Amino acid sequence: MGYFGALDISASGLTAQRLRMDTILQNIANVSTTHTANGGPYRRKVTLFEERAEPGLFQGYLHSAYKGDNIGIGVRVARIFEDDAPFKLVYEPGHPDANADGYVSLPNVDVVTEMINMISASRSYEANVTSINTTKSLANKALEIGR
């Protein structure tokens, strides 16, 4: 794998983790949303990652010409889905979204879980940035050898 392949893999990780962080932030922002356009409370969203199966055009030509070991080409977000965990019920008879018994369905978002996921996504993002910086440093050192 060359320098550009390493940069491409890290860049795909940056993109995926950024989308994951955006999804987590959306969950945290809607922690108290009891009424959405669908009529019910907000449902927590989760990102699902998978290996990127199709390389970019240039890398695809190189990869097919190489025909070597199975080299990973990055990660991508396969889909974003709604968590089907049950809603939290809170007794608030005066709330506009309360049912006949006085209970309000709150979103299935747990702020502590979301913060843990945010820290994980942030650390993964930092690891990909470090990988890019190391690759750039290696390329610079290789060019200095040629002087």
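Here are a few exercises, with worked solutions, on the predicted model above.

**Exercise 1: Get your bearings**

Work out how many helices and strands the chain has, and in which pattern they follow each other along the sequence.

*Solution.* Start with the count: the chain has 3 helices and 4 strands. Now walk along the sequence, and you'll read α-β-α-β-β-β-α.

**Exercise 2: Surface and contacts**

Find what share of the chain's residues is buried, what area the chain exposes, and what share of the contacts between residues at least 6 apart joins residues at least 24 apart.

*Solution.* Take burial to begin with: of the 147 residues, 27% are buried. Next comes the surface, where about 9,800 Å² is exposed, with 57% of that supplied by carbon and sulfur atoms. Then turn to the contacts. Keep those between residues at least 6 apart in sequence, and 67% of them join residues at least 24 apart.

**Exercise 3: A pair of helices**

Decide how helix 1 and helix 3 are oriented: roughly parallel or roughly antiparallel?

*Solution.* First, what do we need? Two packed helices are described by the angle between their axes and the distance between the axes. Helix 1 covers residues 3-29 and helix 3 covers residues 111-145; their axes come within 9 Å and cross at roughly 160 degrees. The cut-off for roughly antiparallel is over 145 degrees, so helix 1 and helix 3 are roughly antiparallel to each other. As for handedness, the crossing is left-handed. By class, the contact of helix 1 with helix 3 holds 18 nonpolar, 11 polar and 3 charged residues.

**Exercise 4: Gln17**

Place Gln17 in the chain and settle whether it's buried or exposed.

*Solution.* Gln17 sits in helix 1. Its relative accessibility is 9%, and buried means under 20%, so Gln17 counts as buried. Who's around it? Skip the neighbours within four places in sequence, and Gln17 is in contact with Phe49, Ala121, Ser124, Tyr125 and Asn128.

**Exercise 5: Asn108**

Do the same job for Asn108: say where it lies, whether it's buried or exposed, and how far it is from Tyr42 in sequence and in space.

*Solution.* Asn108 belongs to the loop between strand 4 (103-106) and helix 3. With a relative accessible area of 8%, Asn108 is buried. Now the distances: Asn108 and Tyr42 are 66 residues apart in sequence, but 7.5 Å apart in space, C-alpha to C-alpha. To finish, leave out neighbours within four places in sequence and list the contacts of Asn108: Tyr42, Arg43, Arg44, Asp83, Asp84, Ala85, Pro86 and Phe87.

Conventions. Residues are numbered from 1 along each chain as its sequence is written. This is a predicted model: local features need pLDDT of at least 70, side-chain atom pairs count only at pLDDT 80 or more; totals for chains, interfaces and linings use all residues. Side-chain values use heavy atoms; hydrogens and water are left out. Axes are lines fitted to C-alpha atoms, for helices over the stretch in contact, and angles run from 0 to 180 degrees between N-to-C directions. Helices (H or I, at least four residues) and strands (E, at least two) are DSSP runs, numbered from the N terminus. Angles under 35 degrees count as roughly parallel, over 145 as roughly antiparallel, 65 to 115 as roughly perpendicular and the rest as oblique. A crossing is left-handed if the near helix is turned anticlockwise from the far one by less than a right angle, and right-handed if clockwise. Ala, Val, Leu, Ile, Met, Phe, Trp, Tyr, Cys and Pro count as nonpolar, Asp, Glu, Lys and Arg as charged, and the others, Gly among them, as polar. Buried means under 20% relative accessible area, exposed over 50%, partly exposed in between (1.4 Å probe, protein chains only). Contact means heavy atoms within 4.5 Å. Accessible areas come from the Shrake-Rupley method with a 1.4 Å probe; for residues, only the protein chains shown count as cover.
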